[in-house]
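Q: I'd like a close look at one part of this model: the antiparallel sheets, with the loops that go with them. Who pairs with whom, and what do the loops between the strands look like?

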Amino acid sequence: MKNKKMKALMFLALTIGTGIAVNAQDFSDVSRAGHLNLRANNDGSSNSEFIRFYTGRSNELSGTNFIAQISNRALTLRGREPSSTATVIGAVGTHFQIDSFRGLRIHSDTNNNNNGGETIILAVGNTDIINITGSAVTYNKRITMNDTNSANNRIGIGTATPATSMHVRGGNVRVDNGEYQSFGPIVLHADVDGSGDDDIQFKNSTNDIMARLQDGNLNLNIINNTGGEIRSTGNLVFRPDSDSNGGDDRIVFRNSANREMVRIQDGVITTDQVRLNVTTFPDYVFAKDYNLMPLNEVSQYIKANKHLPNMPTEAEVVAEGMNVGQINTILVEKVEELTLHTINQEEKIEMLMKRIEALEATINK
């Protein structure tokens with residue numbers, strides 16, 4: 001203990017000789033086994049003793065003119081003047097903490113030689129979380145904002161006052177090989193500020209507008225003779241009165257002159273013409289090799305099956321619906337068959353009439 005005090009007095013004399021004012025009671029243990037220990041609270045009292053570092057004249061070594069202070073396991077760094085920026089580095093609870101009363105600057109290139117190795121890395125364990133190199137900041141983990149006040153959970157790009165959770169001004173949002181996902185509805189609101197530019201556009205790689213949503217209208221553009229289609233790999237549903245507010249439940253197709261071409265309303269289709277694509281038509285009935293069923297066989301078939309040959313049954317039509325193209329083709333087939341039967345009957349009638357006329361002539365002689 002005596003040796004320690006002697007060392008402390010020697011250190012005191014040395015520091016006084018260099019112009020730094022030091023109180024003897026500030027040193028409790030000096031240099032032991034190659035180490036230098038400075039202890040500001042040797043008596044174990046509950047007072048908040050500190051160790052301070054100063055620069056300047058000896059008459060300024062008082063008050064808050066220090067540039068560094070160690071107190072309560074925290075290191076405080078600040079500029080020469082008491083009002084300048086202050087930074088606190090210390091342990092709080094179970095973690096290490098850096099607090100700044102004004103600004104905090106970490107400079108990795110103090111000699112400004114720009115040799116390419118200027119990097120600031122924040123890591124947890126062996127994992128780099130934030131890497132700052134040059135003008136780029138790389139985050140290797142997710143960014144989480146969880147303030148109880150949702151107004152504070154905002155990210156602004158191009159703006160210092162973000163109005164929503166993500167606010168981008170004067171730039172684009174790009175997603176490569178990803179998706180826009182939502183656990184609820186996805187809403188595209190094109191005119192938040194009410195300036196009248198309520199226009200949502202969809203463009204291709206050459207910046208051509210493929211589709212546009214504006215004022216409740218969807219416009220599809222044909223580019224290089226392609227496009228202008230609405231496709232679906234599953235069900236495609238048009239529901240004009242989904243809110244059941246008493247609308248007219250009408251789907252209308254108009255031409256370039258705004259003329260109504262087709263209307264679908266209450267299950268009824270109204271149009272000028274209906275043209276069906278078919279692969280065959282019953283002109284084959286008039287071929288020489290067509291096997292025209294005799295009328296007596298047609299009668300027997302009807303009695304046995306309760307429908308015309310080749311015609312679907314009532315049960316099939318009710319269960320599967322009426323195939324208009326199929327039914328019309330069969331109806332034309334039956335009309336043509338009836339026409340052939342009528343022609344055959346007409347020929348037989350003419351032949352019989354000639355025989356009757358011949359018999360009458362013989363009788364009247």
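The answer goes sheet by sheet, then turns to a few loop residues.

A: First, the ground rules. This is a predicted model, with residues numbered from 1 along each chain as its sequence is written, and local features need pLDDT of at least 70, side-chain atom pairs 80 or more, while totals for chains, interfaces and linings use all residues. Side-chain values use heavy atoms, with hydrogens and water left out.

Let's start with the open sheet whose three strands come in the order 6-7-8, with antiparallel pairing. (Strands are DSSP runs of E with at least two residues, helices are runs of H or I with at least four, both numbered from the N terminus; two strands pair if DSSP finds at least two bridges between them.) Strand 6 (119-124) and strand 8 (136-139) are the edges of this sheet, and each has a single partner strand, so one side of each has no neighbour in the sheet. From one strand to the next, the twist averages 15° (axes are lines fitted to C-alpha atoms, for helices over the stretch in contact, and angles between N-to-C directions run from 0 to 180 degrees).

Now for the pairing itself. Strand 6 and strand 7 (residues 127-133) run antiparallel and are joined by six bridges. If you want a residue to click on here, take Leu122, whose bridge partner in strand 7 is Ile130. Go on from Ile130 to strand 8 and you land on Tyr139, its bridge partner there. Strand 7 and strand 8 are also antiparallel, joined by four bridges. Their hairpin has two residues between the strands, and Gly134 takes a positive phi near 60° in it. A general point while you look at side chains: in a regular strand they alternate between the two faces of the sheet.

Further along the chain there's another open sheet of three strands, this one in the order 16-17-18 and again antiparallel. Its edge strands are strand 16 (250-254) and strand 18 (268-271), each pairing on one side only. Here the twist averages 10° from one strand to the next. Five bridges hold strand 16 against strand 17 (residues 260-265), in the antiparallel sense. Arg250 has Gln265 as its bridge partner in strand 17.

The loops of this sheet are worth a stop too. Asp266 sits in the loop between strand 17 and strand 18. Its C-alpha is 7.5 Å from that of Arg250, although the two are 16 residues apart along the chain. Is Asp266 buried or exposed? Asp266 has a relative accessible area of 62%, so it counts as exposed (over 50% is exposed, under 20% is buried, and partly exposed is in between, with a 1.4 Å probe and protein chains only). Back in the loop between strand 16 and strand 17 you'll find Asn258. Asn258 isn't a glycine, yet its phi is positive, near 65°. Asn258 counts as exposed because its relative accessibility is 52%.

If positive phi values catch your eye, there's a hairpin to visit as well. Strand 11 and strand 12 (residues 209-214) pair in the antiparallel sense over five bridges, with Phe202 opposite Ala211 of strand 12. This hairpin has five residues between its strands, and Asn207 takes a positive phi near 70°.

From strand 12, it's worth a detour to Thr226, which belongs to strand 15 (residues 226-227). Thr226 and Met210 are 16 residues apart in sequence, with 9.9 Å between their C-alpha atoms. What does the side chain of Thr226 have beside it? One of its polar atoms lies 2.7 Å from the backbone oxygen of Ile223.

One last loop, this time between helices: Asn310 lies between helix 2 (295-305) and helix 3 (314-320). Asn310 has a positive phi of about 70° without being a glycine. With a relative accessible area of 53%, Asn310 is exposed.

How values were computed: Polar contact = N/O pair within 3.5 Å; in protein donor to acceptor, adjacent residues only side chain to side chain.
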